[in-house]
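This briefing introduces the structure shown below to a reader who is new to it. The topics are the nonpolar core, one helix and one loop residue.

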Amino acid sequence: MGQVIPQFSDLQNEIIFTTARSSGPGGQNVNKVNSKVTLRWDMLNSITLTDSQKQLVLTKLKPRLTNDGVLILSVQESRSQIINKEEVIKKFNLLLKKAFAIRKKRKSTKPTKSSVKKRVDAKKLRGQKKQWRQRPDH
């Protein structure tokens, strides 16, 4: 079997949620309700992940991490803080799943005889077409 992919439930103790006033729809409700949810996870100081898992996450999620190795995800789609929190957790789990996904090695193959013949024929046809466009040498 492959390695176990950590989920939100495994890393729950290491994650910090913060809320803020959200932009977007809501009218005057926006000014008084903290519906934007931000998830912060200090990946480098995680006690749940092994060193090899940390290295893997660091290489795969490098663009999404801060210089201190903190992953920050925000969701402000809904007017409801609870829905936004559920969405940010889904986003976090999906990101971890992608980070731990093992990619298949590419097997190099040779082009088939028919595809090579098709390519050469197309090149000859293009060459003939360009020949027809030229002025005759009389």
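**Core, helix α2 and Ser-46**

In this predicted model, the largest nonpolar core comprises 21 residues, and Trp-41 and Phe-92 have the most contacts inside it. At least two residues of this core come from each of α1 (8-11), β2, β3 (70-75) and α3. The largest contribution is that of α3, with 7 residues.

**Contacts of Phe-92**

- Not counting residues up to four places away in sequence, Phe-92 touches Phe-8, Leu-11, Ile-15, Leu-39, Trp-41, Leu-71 and Leu-73.

**Helix α2**

- Helix α2 spans residues 51-60, and its buried residues are Gln-53, Lys-54 and Val-57.
- These residues lie on the same side of α2 because they cover an arc of only 100° around the axis.
- In general, an α-helix has 3.6 residues a turn, so residues three or four places apart point the same way.
- The buried residues of α2 pack against β2 (36-42) and α3 (81-100).
- Exposed residues Asp-51, Ser-52 and Thr-59 are carried on the face of α2 that is turned away from its buried side.

**Ser-46**

- Ser-46 is located in the loop between β2 and α2.
- Ser-46 counts as buried because its relative accessibility is 4%, and the cut-off for buried is under 20%.
- A polar contact of 2.7 Å joins the side chain of Ser-46 to the side chain of Glu-14.
- Leaving aside neighbours within four places in sequence, Ser-46 is in contact with Leu-11, Glu-14, Trp-41 and Lys-54.
- Of these partners, Lys-54 is one of the buried residues of α2, and Trp-41 is one of the two residues with the most contacts inside the largest nonpolar core.

Methods: Residues are numbered from 1 along each chain as its sequence is written. This is a predicted model: local features need pLDDT of at least 70, side-chain atom pairs count only at pLDDT 80 or more; totals for chains, interfaces and linings use all residues. Side-chain values use heavy atoms; hydrogens and water are left out. Buried means under 20% relative accessible area, exposed over 50%, partly exposed in between (1.4 Å probe, protein chains only). Helices (H or I, at least four residues) and strands (E, at least two) are DSSP runs, numbered from the N terminus. The arc is that of the directions from the helix axis to the C-beta atoms. Contact means heavy atoms within 4.5 Å. A nonpolar core is a set of buried Ala, Val, Leu, Ile, Met, Phe, Trp, Tyr and Cys residues joined through side-chain atoms within 4.5 Å. A polar contact is a pair of N or O atoms within 3.5 Å; within protein, one must be able to donate a hydrogen and the other to accept it, and residues adjacent in sequence count only if both atoms are side-chain atoms.
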